[in-house]
Amino acid sequence: ILQLAIRAQLVFLHPKQRKLVSMEANGPVRVLGGAGTGKTVVAMHRARYLAEEVFNKREDRILFTTFTRNLATDIQENLRKLCSVDGLSRIDVVNLDAWVANFLRSQGYRHQVVFDEDENDAWSFALDQAPSDLGLTPNFYRSEWEQVVQAQNITDANQYLKASRIGRGTRLSRDSKKRIWPVFQEYRAQLNEQGKKEYVDLLRDARVLIQNKGISLPYRAVIVDEAQDMSAEAFRLIRAIVREEPNDLFIVGDAHQRI
């Protein structure tokens with residue numbers, strides 16, 4: 001079905017999908033749909049439309065990004081069949097972590113990435129600060145770090161005391177928050193001392209570099225596929241990559257398929 005849709009251009013797309021592809025959007029657009037509904041096909045046609053009909057100056061670029069490297073490769077190959085040579089030259093297809101790595105490298109940024117807390121002795125040192133009488137498990141601290149501290153870019157105790165914890169399940173009093181904050185503080189200190197970063201830190205650092213240095217990137221639009229697998233910090237970075245204007249962001253995903 002995908003190949004048929006590509007070979008037939010828009011002929012095999014549903015009328016509502018054709019409208020999504022060619023509409024002039026005043027701001028970011030999110031397209032939701034279940035598995036097999038054609039979200040990626042719509043996103044590819046949107047990329048072709050923008051590259052050939054809207055942002056078609058020689059210097060214009062469109063970033064088409066997704067969560068996984070393999071999907072980015074498939075999209076690139078399918079866009080070759082869909083786009084003109086000129087249009088394809090304006091579309092950069094790359095998964096987000098590769099884009100971040102290339103961008104940080106171009107800025108002279110050096111880092112060692114930590115992906116698994118089980119192999120990260122900084123986390124073990126941090127858990128030594130956990131108050132035993134609260135009865136909170138290591139899994140609780142890890143998920144609290146990922147879903148609250150990192151997700152909301154919290155850097156000090158006062159921010160943590162005010163942070164939203166909706167959906168976390170375990171209630172914490174103000175005093176309990178004060179007592180467990182040293183765990184997260186120690187973890188960050190250990191990472192800094194060892195010259196290590198978590199992946200979400202790289203996303204944040206890339207965004208901060210763009211904003212603080214006033215870096216102007218060539219992208220007129222960003223198209224995001226499989227958006228359900230992107231973190232809040234990933235979307236903060238994506239927002240920084242492209243300036244706000246009509247047709248700037250086109251995001252497709254399905255929360256029920258989240259990794």
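Where is the place of Asn153? In this predicted model, Asn153 lies in the loop between H8 and H9. Its phi is near 55°, a positive value in a residue other than glycine. With a relative accessible area of 27%, Asn153 is partly exposed, because the buried class is limited to values under 20% and the exposed class to values over 50%.

The helix on one side of this loop, H8, spans residues 138-150 and carries a kink of about 30° centred on Glu144. Glu144 is also one of the buried residues of H8, together with Phe140, Tyr141, Arg142, Ser143, Trp145, Val148, Val149 and Gln150. These buried residues pack against four helices, namely H7 (121-127), H9 (157-162), H10 (174-194) and H11 (199-213), and against strand S5 (196-198).

The packing of H8 with H10 can be followed in more detail. The axes of H8 and H10 come within 11 Å and cross at roughly 75°. H8 is therefore roughly perpendicular to H10. By class, the contact of H8 with H10 has nine nonpolar, one polar and three charged residues. From H8, the residues taking part are Phe140, Tyr141, Arg142, Glu144, Trp145, Val149 and Gln150; from H10, they are Ile180, Trp181, Val183, Phe184, Tyr187 and Arg188. Glu144, on which the kink of H8 is centred, is thus among the residues that meet H10.

A positive phi also occurs at Glu226, with a value of about 55° although this residue is not a glycine. Glu226 is found in the loop between strand S6 (219-224) and helix H12 (232-241).

Terms used:
Residues numbered from 1 in each chain as written. Predicted model: local features only at pLDDT ≥ 70, side-chain atom pairs only at ≥ 80, totals over all residues. Heavy atoms only, no water. Bend = angle between axes of the 7 residues up to and from the residue. Helix = DSSP H or I, 4+ residues; strand = E, 2+ residues; numbered from the N terminus. Buried < 20%, exposed > 50% of the residue type's maximum accessible area, 1.4 Å probe, protein only. Contact = heavy atoms within 4.5 Å. Axes fitted to C-alpha atoms, helices over the stretch in contact; angles between N-to-C directions. Parallel < 35°, antiparallel > 145°, perpendicular 65-115°, else oblique. Nonpolar A, V, L, I, M, F, W, Y, C, P; charged D, E, K, R; others polar.
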